[in-house]
Amino acid sequence: MGLLKSYLRSRAKAIVVYILIAGAFAAAYLLFDMPIIVVTYPLILSIMIGVAALAIDYIAYRRRHIMLTHEEMPAPADRLEEDYQQIITKLQDEAKQSAVHAAEEYNDMIDYYTVWAHQIKTPIAAMRLSLQSEDTETARKLTSDLNRIEEYVEMVLTFLRLDSDSTDYLIKEYDLDSIIRTAVRKFSREFILKRLTLDYQPVNYTVLTDGKWLTFVIEQIISNAVKYTSEGGVHIYMDEPGILHISDTGIGISAEDLPRIFENGYTGFNGREDKRASGIGLYLCKRITDNLGHTISAESQPGRGTTIILDFRTTRLVTED
């Protein structure tokens, strides 16, 4: 019905002109005192012809509409439509060329930062090796700073790879405890340096996921927990199968900031107070968990700590052998 109304509006001028012409002929017959039958018959015939022509034109209009909704170009009805189609075709070609050019530039950028990341990891590894022979407060502090630098490099690469065509997910079943232990081991020095406790209860759970990307997520969560906790510690546990909790006793998140912590670049009040906050880590975690079919959420109270909750029960992914 909507298409018919649209058609009638587009042909309104032609219909009005047709009615006026038919009325003019009818009036001319009546002015000469001709019998009503002489006037009525050609008038009805004219109306029938007009309705038939309108119906045929509407069928062609509807066919063209269907073709356009399927992104097909119908044959132009006149020179003006042909001109419009040429303009559209030109714009489409330009858009495709721009998309190809943008993709090439994006891939070049990915390649550059990938090479850069591998190059910068070499001096980081060399400095870490030099510091391993020293067991001083300064050495532990420098090692912690090196870990932060490496973490930020990985965040840059992850941010760039999220929308890359080359991003590959190897989906299979992983032992969640192995992933958690790998992430915890990375921050062992930070735990020691800040004298934080770790309460980790093995979860004995198998998750369908991508091991590399989920490891990044858990590392980011633990990194934030250590970063914003000055005393107390981190508690990692699973209170029910499939729901992992990572809690800390840190500064917490205010109620007005909590709904937005997974937005890109959002740091909140505590993040603005702490100049190290980038507002990217939790955003990346949200994007990755969405891609993996997991769910991430947060609970927090200022001054009492934060709990990040990972729900693996919603996973709907295809396992790769």
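What span should the 12 residues of H10 have at 1.5 Å a residue, and how far apart are its end C-alpha atoms? The expected span, 1.5 Å times one less than the number of residues, is 16 Å, and the end C-alpha atoms lie 17 Å apart, which agrees. Helices (H or I, at least four residues) and strands (E, at least two) are DSSP runs numbered from the N terminus. The model is predicted: local features need pLDDT of at least 70, side-chain atom pairs count only at pLDDT 80 or more, and totals for chains, interfaces and linings use all residues. Residues are numbered from 1 along each chain as its sequence is written, and side-chain values use heavy atoms, without hydrogens and water.

Buried residues (under 20% relative accessible area, 1.4 Å probe, protein chains only) of H10 include Leu282, Leu284, Ile288 and Leu292. Their cover includes helix H5 (137-161), H8 and E6. Gly293 follows H10 with a positive phi, near 85°.

The largest nonpolar core (buried Ala, Val, Leu, Ile, Met, Phe, Trp, Tyr and Cys joined through side-chain atoms within 4.5 Å) holds 43 residues. Leu176, Ile218, Ile222 and Leu244 touch the most other members. H8 gives the largest share, 9 residues. Contacts (heavy atoms within 4.5 Å) of Leu244 include Leu176, Ile218 and Phe312.

Aromatic rings of Phe, Tyr and Trp (its six-membered ring) pair if their centres lie within 6.5 Å; planes under 30 degrees apart are stacked, over 60 edge-to-face, the rest tilted. There are 2 such pairs. Tyr7 and Tyr58 have ring centres 5.3 Å apart and planes at 65°, so they are edge-to-face. Tyr7 lies in helix H1 and Tyr58 in helix H3, 51 residues apart. Tyr7 is buried, at 1% relative accessible area. Ring pairs link Tyr7, Tyr58 and Tyr61 into a cluster.

Terms used. Buried means under 20% relative accessible area, exposed over 50%, partly exposed in between (1.4 Å probe, protein chains only). Lists of a residue's contacts leave out its neighbours within four places in sequence.
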